[in-house]
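Subject: Structure for your review

Dear colleague,

Please find the structure below, followed by a summary of what was found in it. I would be grateful if you kept it open while reading.

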Amino acid sequence: MRESQPVYFDTENQFWHVFKYEDASSILNDPATFSSEVFQRLATEEEKKQATAEPSILNLDPPRHRQLRSLVTQAFTPRTVANLTPRISEIVNEYLDRVIDQGRMDIIADLAYPLPVIVIAELLGIPTQDRDLFKHWSDTIVSLRREEAIQAGREMNEYLKQVTEQRRKAPRDDLISKLLAAEVEGQKLSEGELLSFYGLLLVAGNETTTNLIGNAIICFDEHPEAIERLRAQPDLLSGAIEEVLRYRSPVQRLVRVTTTDTTLGGHKIKAGQLVSPWLGSANRDEAQFPNPDTFDISRAPNRHLAFGHGIHFCVGAPLSRLEARVALGSMLARFGEIKRDRAHPLERIPAASAFFGVQKLP
Ligand code: HEM
């Protein structure tokens, strides 16, 4: 598509698809033309009435986006993330201890799935005994079982409302308390905004990091020479993770809506149309990356778009990079050999989603 139809209009679904790096990054750099307020601009009045949550920063444009994002980044600092390293190592080692004697594991179920949920739950300040409940909600919300997902969303909101009330009365050293205290221009987050941010952390932060870790193991298994190099030079791991993000991007596509008539790649796009920049394709664009289909752990430069670009650049990028580094580094250090069990064909998570990863990875 990059070669034959880099900007393609799907007439059946009335949707523009954009495949080249340059076009994708110019969309993400221009929120005034390509808005993130897709629901607010396209939903019917009835749909808006039925909406259960306020939009999170992911679905807001400036100026509100800028205000809310600055509150979020006050609470979610690089130091908060770096301080988590020892705890992430502890969780990873606990999970690896459980499987090391068996000589086999399912990378997803036994490590990549629980790790980010536990980290987010702890960061928010969810009591340990409620972690399984939280994991169940998180799992159900990202599933495609609509009714169950809505129900789980409601239950989780109710639960988080209670925790938020408790922290309002007695703050602790956790993200919920910090978000309650954060202020911009004398304004605090409303309850609805707090709840939608928690929801975003769950959905944006969990499945994506799970997929990053799983996708890394798939890449390493397909490129045994990469594993050998990483064992000999562990300092290559951070670059290898960037290459996994480029080569098997956990988020394949984003969605925007045009605010005005515009042109892209010689095509006229009318106001109010849906436009999807494909990050997974941009990240394989030969005009940006020499030999884009080669998995090269020392690729430099590697300006992939896996975490987005511009004002919505992923807030959780440092956290997911850290989790992936600790998880993969510990596996390489503790396991003499890492081989995918090829008796189990790779089964993608539901294709309808924009997420790219596998359900199981024995
Ligand atoms: C935004 C990818 C992990 C929180 C984004 C965006 C992408 C992305 C592509 C931009 C969306 C857009 O422009 O519409 C990823 C990937 C991850 C990951 C690939 C893991 C490998 C996380 C984690 C967290 C997180 C761990 C939090 C704990 C967010 C938030 C935003 C965001 C809050 C919205 C930022 C904004 O709208 O200003 N992420 N993400 N993400 N991500 Fe991540």
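In what follows, Ala, Val, Leu, Ile, Met, Phe, Trp, Tyr, Cys and Pro count as nonpolar, Asp, Glu, Lys and Arg as charged, and the others, Gly among them, as polar. By this scheme, the shell around the ligand consists of 19 nonpolar, eight polar and two charged residues.

Please note that this is a predicted model, in which local features need pLDDT of at least 70 and side-chain atom pairs count only at pLDDT 80 or more, while totals for chains, interfaces and linings use all residues. Residues are numbered from 1 along each chain as its sequence is written, and side-chain values use heavy atoms, with hydrogens and water left out.

The ligand and its surroundings

There are 29 residues around the ligand, and His65, Arg69, Arg256, His312 and Cys314 come nearest (a residue is near if one of its heavy atoms lies within 4 Å of the molecule or strand in question). Cys314 provides, through its SG atom, the single protein donor to the iron atom of the ligand, at 2.3 Å. Donors are N, O and S atoms within 2.8 Å of the metal (3.2 Å for Na, K and Ca); water is not among the atoms, so sites may look incomplete.

A polar side-chain atom of Arg69 lies 2.7 Å from a ligand oxygen atom, and for Arg256 the distance to an oxygen atom of the ligand is likewise 2.7 Å. For His312, a polar side-chain atom is 2.6 Å from an oxygen atom of the ligand. Helix 4 (64-75), helix 12 and helix 16 each give two or more residues to the shell; helices are DSSP runs of H or I with at least four residues, numbered from the N terminus.

Helix 12

The largest share of the shell, eight residues, comes from helix 12. Of the 32 residues in helix 12, 25 are buried, so this helix is largely enclosed by the rest of the structure. Buried means under 20% relative accessible area, exposed over 50%, and partly exposed in between (1.4 Å probe, protein chains only).

The cysteines

How many disulfides does the structure hold? It holds zero, a disulfide being a pair of cysteine sulfur atoms within 2.5 Å. The sulfur of Cys219 is 19 Å from the closest cysteine sulfur, that of Cys314, which is too far for a bond. Cys219 is buried, at 0% relative accessibility, whereas Cys314 is partly exposed, at 28%.

Yours sincerely

Notes:
Polar contact = N/O pair within 3.5 Å; in protein donor to acceptor, adjacent residues only side chain to side chain.
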